[in-house]
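This briefing is meant to be read alongside the sequence and the coordinates. It begins with a hairpin and then moves through backbone geometry, the core, a helix residue and the pocket.

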Amino acid sequence: MEVNRIYKGNCINKLTELESNSVDLVYFDPPFFTQKKHSLVTRDESKKYEFSDSWDSLNDYLDLIEACLIECKRVLKETGSVFPVSYTHLRAHETGRNLVC
């Protein structure tokens, strides 16, 4: 992969393409486990964007988050940072599960 570029795609797939210890910054904006289908329309209503944030189980969702964070840790340089976008709807203490990476 080229440096100084922004890549868009499935985070697990993209992260596995990166070398270990090679990234300065990861902006981590995961799905929020809303269990809904979301729709957005442009102001001029010319385009509609939809995505599903539905999961079979809370564990499936947490498995994805954990796998992403593990890969983030692998690719980050020792001086690197992760900027996570968090959502207060689902708090770690309410899941009964600690994410370890």
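In this predicted model, strands β2 and β3 form a hairpin in which 6 residues separate the two strands, and within that turn Glu 45 adopts a positive phi of about 60°. The protein as a whole has 3 helices and 4 strands, which follow one another along the sequence in the pattern α-β-β-β-α-β-α.

**The hairpin and its pairing**

- Strand β2, covering residues 36-41, and strand β3, covering residues 48-53, pair in the antiparallel sense, and the pairing extends over 6 bridges.
- Within this pairing, Lys 37 has Ser 52 of β3 as its bridge partner.

**Residues with positive phi**

- Most residues other than glycine have a negative phi.
- Glu 45, which is not a glycine, nevertheless has a positive phi of about 60°, and its place is in the loop between β2 and β3.
- Glu 45 counts as exposed because its relative accessibility is 65%, where exposed means over 50%.
- Phe 33 is likewise a residue other than glycine with a positive phi, here near 60°, and it is found in the loop between β1 and β2.
- Phe 33 counts as buried because its relative accessibility is 15%, where the cut-off for buried is under 20%.

**The nonpolar core**

- The largest nonpolar core is made up of 12 residues, among them Phe 33 from the loop discussed above, together with Leu 15, Val 23, Val 26 and Phe 28.
- The core also includes Tyr 61, Leu 62, Ile 65, Cys 68, Cys 72, Val 75 and Leu 76.
- Strand β1 (23-28) and helix α2 (58-75) each supply at least two residues of this core, and α2 gives the most to it, with 6 residues.
- Leu 76, a member of this core, is in contact with Asn 21, Ser 22, Val 23, Asp 24, Leu 25, Val 26, Ser 81 and Val 82, once its neighbours within four places in sequence are left aside.

**Glu 71 in helix α2**

- Glu 71 lies in helix α2, and it counts as buried because its relative accessibility is 15%, which is under the 20% cut-off.
- The side chain of Glu 71 makes a polar contact with the side chain of Arg 74, at 2.9 Å.
- Apart from its neighbours within four places in sequence, Glu 71 is in contact with Leu 15 and Thr 16, and Leu 15 is itself one of the residues of the largest nonpolar core.

**The largest pocket**

- The largest pocket has a volume of about 1100 Å³, and its lining consists of 31 residues, of which Tyr 7, Leu 15, Leu 18, Leu 25 and Val 26 lie nearest its centre.
- Helix α1 (11-16), strand β1 and helix α2 each supply at least two residues of this lining, while the largest share, 6 residues, comes from β1.
- Leu 15 and Val 26, which lie among the residues nearest the centre of the pocket, also belong to the largest nonpolar core.

**Burial and contacts across the chain**

- Of the 101 residues of the protein, 19% count as buried.
- Among contacts between residues at least 6 apart in sequence, 69% join residues that are at least 24 apart.

Definitions and conventions: Residues numbered from 1 in each chain as written. Predicted model: local features only at pLDDT ≥ 70, side-chain atom pairs only at ≥ 80, totals over all residues. Heavy atoms only, no water. Core = buried A, V, L, I, M, F, W, Y, C linked by side-chain atoms within 4.5 Å. Buried < 20%, exposed > 50% of the residue type's maximum accessible area, 1.4 Å probe, protein only. Contact = heavy atoms within 4.5 Å. Polar contact = N/O pair within 3.5 Å; in protein donor to acceptor, adjacent residues only side chain to side chain. Pairing = 2+ DSSP bridges. 1 Å grid on protein atoms, 1.4 Å probe; cavity = no way out; pocket = protein on both sides within 12 Å on 5 of 7 lines; lining within 4 Å. Points joined across faces, edges and corners; volume = space filled by probe spheres on them.
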